[in-house]
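Okay, everyone, thanks for coming. Let me put the structure up and then talk you through a few spots in it.

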Amino acid sequence: MTQGELFGGSHDAAPGRGRSEPAPGAVLLPGWLDPAAQLRLVAACRAWARPPAGMHAVRMPTGGLMSVRMVGLGWHWYPYGYSRTAEDGAPVKPFPPELGGLARRAVAEAYGAAAGEVAGAAGYAPDIAIVNHYPHGARMGLHQDRDERTDAPVVSLSLGDSCVFRLGNTETRTRPWTDLELRSGDLLVFGGPARFAYHGVTRTLPGTADPALGLTGRLNITVRQSGL
């Protein structure tokens, strides 16, 4: 297995759940990661979460703490920008090449022959990963990913508990939106017209993870191209 395939797995949809396009530019591939690949990614996330430059709670400009904890790879995200220094003052952990290979493959499989019609898809060069951990009861409000200097697609991988993911429109946090159930192993790619859509997690579904993962709550890995 090559470095770019380290986290690879079956690309067949989970039984009864097929590929869908919930919005123009957004593609959901259920069960894209097989159980073995999920286990490898969970183990990698545990390593990335350790200090220095480890997983932390984010304080918003309003003073509140996000219920989700996160760690950045390649770049550290803060509201609202990126830096090379993490919350604890340590240098950010490097962006793993194998994760970049996985994300490039995800974009290629999501868009196929149409990749040339989606901004930034054909030459996708990700250099940021943000790992979010959702403990039971955590959520994420509707927001846009606008801190990158490119409109290349965002790759989202789900591990652990299922969640209700809300994919909205590009103009406002209000309707119209579409609620999707994202399960462990699912791949969601959003680019093109959906790249700057408001999106968030309204709730997680505790107890839905495969116990073999040894994971409490939900992990979400988003991979992006910074343009920085």
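So, R146: its charged end sits over the ring of F196, with 4.7 Å to the ring centre. Keep in mind that this is a predicted model. There's another contact of this kind at R84, whose charged end sits over the ring of W75, this time 3.7 Å from the centre.

While we're on rings, how many aromatic pairs does a search of the whole structure find? Just the one. The partners are W77 and Y80, and the geometry is edge-to-face, with 6.2 Å centre to centre and 70 degrees between the planes. That 70 counts as edge-to-face because the cut-off is over 60 degrees. Now, are those two partners buried or exposed? W77 has a relative accessible area of 13%, so it's buried. Y80 comes out at 55%, so that one is exposed.

Okay, on to the pocket. The largest one holds about 630 Å³ of space. It has 31 lining residues, and the ones closest to the centre are M66, M140, G141, H143 and D145. Which elements give two or more residues to that lining? You've got strand 4 (65-73), strand 7 (128-134), strand 8, strand 9 (154-160), strand 13 and strand 14 (218-224). By residue type, the lining splits into 14 nonpolar, ten polar and seven charged.

Let me stay with strand 13 for a moment, since the pairing is worth a look. Strand 13 covers residues 199-205 and runs antiparallel to strand 8, residues 140-143, with two bridges joining them. M140, which we just met among the residues closest to the pocket centre, has V201 in strand 13 as its bridge partner. Strand 13 also runs antiparallel to strand 10, residues 162-167, and there six bridges join the two. One of the residues involved is S162, whose bridge partner in strand 13 is L205. As a general reminder, side chains in a regular strand alternate between the two faces of the sheet.

Last stop, G18. You'll find G18 in the segment before strand 1, which is 20-23. Its relative accessible area is 44%, so G18 is partly exposed; the band for that label runs between 20% and 50%. And if you want a long-range distance to check on screen, take G18 and G217: they're 199 residues apart along the chain, and their C-alpha atoms are separated by 25 Å.

That's my tour, so over to you for questions.

Key: Residues numbered from 1 in each chain as written. Predicted model: local features only at pLDDT ≥ 70, side-chain atom pairs only at ≥ 80, totals over all residues. Heavy atoms only, no water. Pairing = 2+ DSSP bridges. Helix = DSSP H or I, 4+ residues; strand = E, 2+ residues; numbered from the N terminus. 1 Å grid on protein atoms, 1.4 Å probe; cavity = no way out; pocket = protein on both sides within 12 Å on 5 of 7 lines; lining within 4 Å. Points joined across faces, edges and corners; volume = space filled by probe spheres on them. Nonpolar A, V, L, I, M, F, W, Y, C, P; charged D, E, K, R; others polar. Phe/Tyr/Trp six-rings, centres within 6.5 Å; stacked < 30°, edge-to-face > 60°. Buried < 20%, exposed > 50% of the residue type's maximum accessible area, 1.4 Å probe, protein only. Lys NZ or Arg CZ within 6 Å of the ring centre and 35° of its normal.
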